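Work through the exercises below with the sequence and the model side by side. Try each task on your own before you read its solution.

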Amino acid sequence: QLDPFSLDSGTTYVARAEATDTKYDLSNTADVYLAVGVGSVVAAIEGGDRVVSVQDELQLDASSSFDEDINADCGDGAGDWRANFGRRRLAHNDKHGARTAGDCGTGDDAGLSFSWICEELEVLDDGKKQVSGSCATDTEPFPTGVWALKSDKQRLIFLGEWLGTGNYRFTVTAASADARNSTTSVDIELINEEPSKVVVSNFARKVNAAEKQTILGLVTPPDGVNIDDLTTTWTLAEGDLEAGQTLREVAKTAVELQGADLASGQRYHDLVLSLGAMVPGGTYKFLLTATLTSETGDTTEGYASVSVSASALPSAGVVAASPRKGLELETPFELVA
């Protein structure tokens, strides 16, 4: 038995077993060839699609991107970003400066490089979005000027005022040193109001519909807002659950929270789905909203959403032999799957 990441990707190994009969001084060997494939780079941006005040600093964090050939755990638990959010951070932390990039971890620590682009979005009457142009302006063209110092970082941090109100799509490409790469994007709505800050965990790949799934949520109300006035709610924005069930029926956690149950001005509102809640092959969009009651005089909603795709069930394959018949040990056969 070998520990994970004991073998090098893209390498073929020969494992040999030898059996010896000491009584008769006889032995024989058997070999097995182990061809280790090359994994994928998986780009991820934490936080989900969300709304942000244009007066705020916007942080887009792709440091949770990973290389399947690199151990994400550096031994201190920081690499387990799926189990961390906010104070339980999604992204791998920055405590590995002494290590060589690529030894372990995610993002920069995994030896990945990053490139960002920004596009303006137009929201159509049916709610769908389409790209209407780039984020370039006369004063701050993207990704030149000020952007040039930021667009190659794993964390893109800038003021919303640089772009102004509107809808934007930020796309990041994470690449390994050997040119394997992956791309993902996040949609951000910048508004003049100050909504609650909402972020949710993402899914960098398809999930098993038969397993329990957890989406992490973190909500911070606007400054000066009484925590009793905050209501957070999970809804299913797209997709059909197994057997037509509602989100309330398949959720193992409360889909709506109210009252003074925040700690340090924040509320953790996670959504846990029961086993088999999703349909294999289905695509879903889960939305977490934070709403202030009308008594506050401000009903601006904060929201964040995450899209999830469930893996389809295996399907039967076909194998064809050519020729269909022949002589043993004489006729060469070709098998095509």
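## Exercise 1: A patch at the surface

Leu7 is found in the segment that comes before strand S1 (12-21). The model is a predicted one, and this should be kept in mind in every exercise.

**Task.** Decide whether Leu7 is buried or exposed, or partly exposed, and find which residues make a nonpolar surface patch with Leu7.

**Solution.** Step 1: the relative accessibility of Leu7 is 31%, and because partly exposed covers the range between the buried limit of 20% and the exposed limit of 50%, Leu7 counts as partly exposed. Step 2: look for the partners of Leu7, which are Leu2, Val32 and Leu34, and which together with Leu7 make a nonpolar surface patch of about 320 Å².

## Exercise 2: The protein as a whole

**Task.** Describe the protein by its helix and strands, by the percentage of its residues that count as buried, and by its accessible surface.

**Solution.** Step 1: going through the secondary structure, one finds one helix and 22 strands. Step 2: the protein has 337 residues, of which 36% count as buried. Step 3: its accessible surface comes to about 18900 Å², and carbon and sulfur atoms account for 48% of that area. Step 4: if one takes the contacts between residues at least 6 apart in sequence, 64% of them join residues that are at least 24 apart.

## Exercise 3: Salt bridges between parts of the chain

**Task.** State how many salt bridges are counted, and then examine the pairs Lys197 with Asp56, Arg155 with Asp61, and Asp187 with Arg169.

**Solution.** Step 1: the count comes to nine salt bridges.

Step 2: in one salt bridge, the side chains of Lys197 and Asp56 meet with a distance of 3.5 Å from N to O. This pair links distant parts of the chain, since Lys197 belongs to strand S12 (residues 197-200), while Asp56 sits in the loop between strand S4 (49-53) and strand S5 (57-61), 141 residues apart. Lys197 is partly exposed, with a relative accessible area of 43%, whereas Asp56 is buried at 18%.

Step 3: the side chains of Arg155 and Asp61 also meet in a salt bridge, with 3.0 Å from N to O. Here the link runs from strand S9 (residues 155-159), which holds Arg155, to strand S5, which holds Asp61, and the two residues are 94 residues apart. The relative accessible area of Arg155 is 24%, so Arg155 is partly exposed, and that of Asp61 is 8%, so Asp61 is buried.

Step 4: between Asp187 and Arg169, the closest N and O atoms of the salt bridge are 2.7 Å apart. Asp187 lies in strand S11 (residues 181-191) and Arg169 in strand S10 (residues 166-175), with their positions 18 residues apart in the numbering. Asp187 is buried at 11%, and Arg169 is partly exposed at 22%.

Step 5: finally, look for a network of salt bridges, which links Asp67, Asp69, Asp178 and Arg180.

## Exercise 4: The disulfide

**Task.** Find which cysteines form a disulfide, where they lie in the chain, and why the disulfide is called left-handed.

**Solution.** Step 1: one disulfide is counted, and it is formed by Cys118 and Cys135, whose sulfur atoms are 1.8 Å apart. Step 2: Cys118 is in strand S7 (residues 113-123), and Cys135 is in the loop between strand S8 (129-134) and S9, so that the pair links distant parts of the chain, 17 residues apart. Step 3: the torsion about the S-S bond of Cys118 and Cys135 is about -60 degrees, and therefore the disulfide is left-handed. Step 4: both cysteines count as buried, with a relative accessibility of 4% for Cys118 and 2% for Cys135.

## Exercise 5: The surroundings of Ser65

**Task.** Locate Ser65 in the chain, decide whether Ser65 is buried or exposed, and identify what the side chain of Ser65 reaches.

**Solution.** Step 1: Ser65 is in the loop between S5 and strand S6 (66-67). Step 2: the relative accessible area of Ser65 is 0%, and because this is under the limit of 20%, Ser65 is buried. Step 3: the side chain of Ser65 reaches the backbone oxygen of Ala62 at 2.8 Å, and a polar atom of this side chain lies 3.0 Å from the backbone nitrogen of Ala44. Step 4: leaving aside neighbours within four places in sequence, Ser65 is in contact with several residues, among them Val42, Ala43, Thr106, Leu112 and Phe114.

Key:
Residues numbered from 1 in each chain as written. Predicted model: local features only at pLDDT ≥ 70, side-chain atom pairs only at ≥ 80, totals over all residues. Heavy atoms only, no water. Patch = residues over 30% accessible without salt bridge, like charges linked within 9 Å, V, L, I, M, F, W, Y side chains within 5 Å. Areas by Shrake-Rupley, 256 points an atom, 1.4 Å probe, with all protein chains shown as cover. Salt bridge = Lys/Arg side-chain N within 4 Å of Asp/Glu carboxyl O. Helix = DSSP H or I, 4+ residues; strand = E, 2+ residues; numbered from the N terminus. Buried < 20%, exposed > 50% of the residue type's maximum accessible area, 1.4 Å probe, protein only. Contact = heavy atoms within 4.5 Å. Disulfide = S-S within 2.5 Å. Polar contact = N/O pair within 3.5 Å; in protein donor to acceptor, adjacent residues only side chain to side chain.
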